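Please look through the model shown below with its sequence at hand. The paragraphs after it go from single residues to disulfides, strands and the chain as a whole.

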Amino acid sequence: MLKLCCVLALFVSVTLAADVICEHMTSCSSCTTFSECAWCKHERHCVPASSVGQDSSSVCGDYDYRHCTNEPCGFYSNCASCTQAFMCGWCPERLKCIALNTRSKALEEGACSNVWAGTCSGPMLTDNE
C-alpha cells in the first residue's frame, strides 16, 4: 500500500508541475519546447500534454506536440523545435533555423557551413557532404 501511495503522489506532483509550466507559455514555439506541454491550435493556448488526445475528454481538437506545424523555419528560435520541423535545420554558428532542401542542404547559398538536421546532438551536416 505504501508503494501505491508514493507512485500516486509522484504522478500528482508531475501533473501539477506540467500545469504550472504550460500555463505560462504564450506561443506555440515556447509551449512545444517542453515535452510536458501541447499547443491547442484553434484555442491558441498551452496545456499539459496529458490532457490532449483523440478521445472526447481532450481539451482541444487540433494540437501541436514537440514542434509547431505549418510554420516557416525562421519561426523556430531554438535547436530542439527547429530540428523537429519538416525541412528545417539548425545553424549553430548563426543560432538560426534555416530551410533545407530534400538532401538536407541549406537553401540559402552560403547560409551555414554546418547544419544540424533531425537532432541537436549532431552529427552536423556540412557543405562537403
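**A walk through the predicted model**

Phe75 is partly exposed, with a relative accessible area of 28%. Here buried means under 20% relative accessible area, exposed means over 50%, and partly exposed lies in between (1.4 Å probe, protein chains only). This is a predicted model, in which local features need pLDDT of at least 70 and side-chain atom pairs count only at pLDDT 80 or more, while totals for chains, interfaces and linings use all residues. Residues are numbered from 1 along each chain as its sequence is written, and side-chain values use heavy atoms, with hydrogens and water left out.

Which residue pairs its ring with that of Phe75? A search of the whole structure finds one aromatic pair. Its members are Phe75 and Tyr76, with ring centres 5.3 Å apart and planes at 85°, so the arrangement is edge-to-face. The rule takes rings of Phe, Tyr and Trp (its six-membered ring) as paired if their centres lie within 6.5 Å; planes under 30 degrees apart count as stacked, over 60 as edge-to-face and the rest as tilted. Tyr76 has 3% relative accessibility and counts as buried, whereas Phe75 is partly exposed.

The next topic is the disulfides. A disulfide is a covalent bond between the sulfur atoms of two cysteines. In this model a disulfide is taken as a pair of cysteine sulfur atoms within 2.5 Å, and by this rule the count comes to eight. Three of these are described here.

One disulfide joins Cys28 to Cys68, with an S to S distance of 2.0 Å. The link of Cys28 and Cys68 is left-handed, with -120° about the S-S bond. Cys28 lies in helix α2 (residues 28-31) and Cys68 in the loop between β3 (63-64) and α3 (79-84), so the disulfide ties together parts that are 40 residues apart in sequence. Helices (H or I, at least four residues) and strands (E, at least two) are DSSP runs, numbered from the N terminus. Both ends have low values: Cys28 is buried at 8% relative accessibility, and Cys68 is buried with a relative accessible area of 1%.

Another disulfide is formed by Cys82 and Cys97, whose sulfur atoms are 2.1 Å apart. The torsion about the S-S bond of Cys82 and Cys97 is about 80°, so this disulfide is right-handed. Cys82 sits in helix α3 and Cys97 in strand β5 (residues 96-99), and the pair links distant parts of the chain, 15 residues apart. Cys82 is buried, with a relative accessible area of 0%, and Cys97 is buried at 3%.

Cys91 and Cys112 are also joined by a disulfide, with S to S 2.0 Å. With a torsion of about 90° about the S-S bond, the disulfide of Cys91 and Cys112 is right-handed. Strand β4 (residues 88-91) holds Cys91, and the loop between β5 and β6 (114-115) holds Cys112, so the pair ties together parts that are 21 residues apart in sequence. Both Cys91 and Cys112 are buried.

On either side of β4 the loops hold residues with an unusual backbone angle. Most residues other than glycine have a negative phi, and most peptide bonds are trans. Met87, in the loop between α3 and β4, is not a glycine and yet has a positive phi of about 60°. Met87 is partly exposed, with a relative accessible area of 28%. Leu95, in the loop between β4 and β5, likewise is not a glycine and has a positive phi of about 50°. Leu95 is exposed, with a relative accessible area of 64%.

A positive phi also appears in a hairpin. Strand β1 (residues 37-40) and strand β2 (residues 45-48) run antiparallel and are joined by four bridges; two strands pair if DSSP finds at least two bridges between them. Cys37 has Pro48 of β2 as its bridge partner. Four residues lie between the strands of this hairpin, and Arg44 takes a positive phi near 55° there.

Finally, the chain as a whole. The protein chain has three helices and seven strands, in the order α-α-β-β-β-α-β-β-β-β along the sequence. Of its 129 residues, 32% are buried. Among contacts (heavy atoms within 4.5 Å) with a separation of 6 or more, 24% are between residues 24 or more positions apart. The accessible surface of the protein chain comes to about 8100 Å², and carbon and sulfur atoms account for 59% of this; accessible areas come from the Shrake-Rupley method with a 1.4 Å probe, and for residues only the protein chains shown count as cover.
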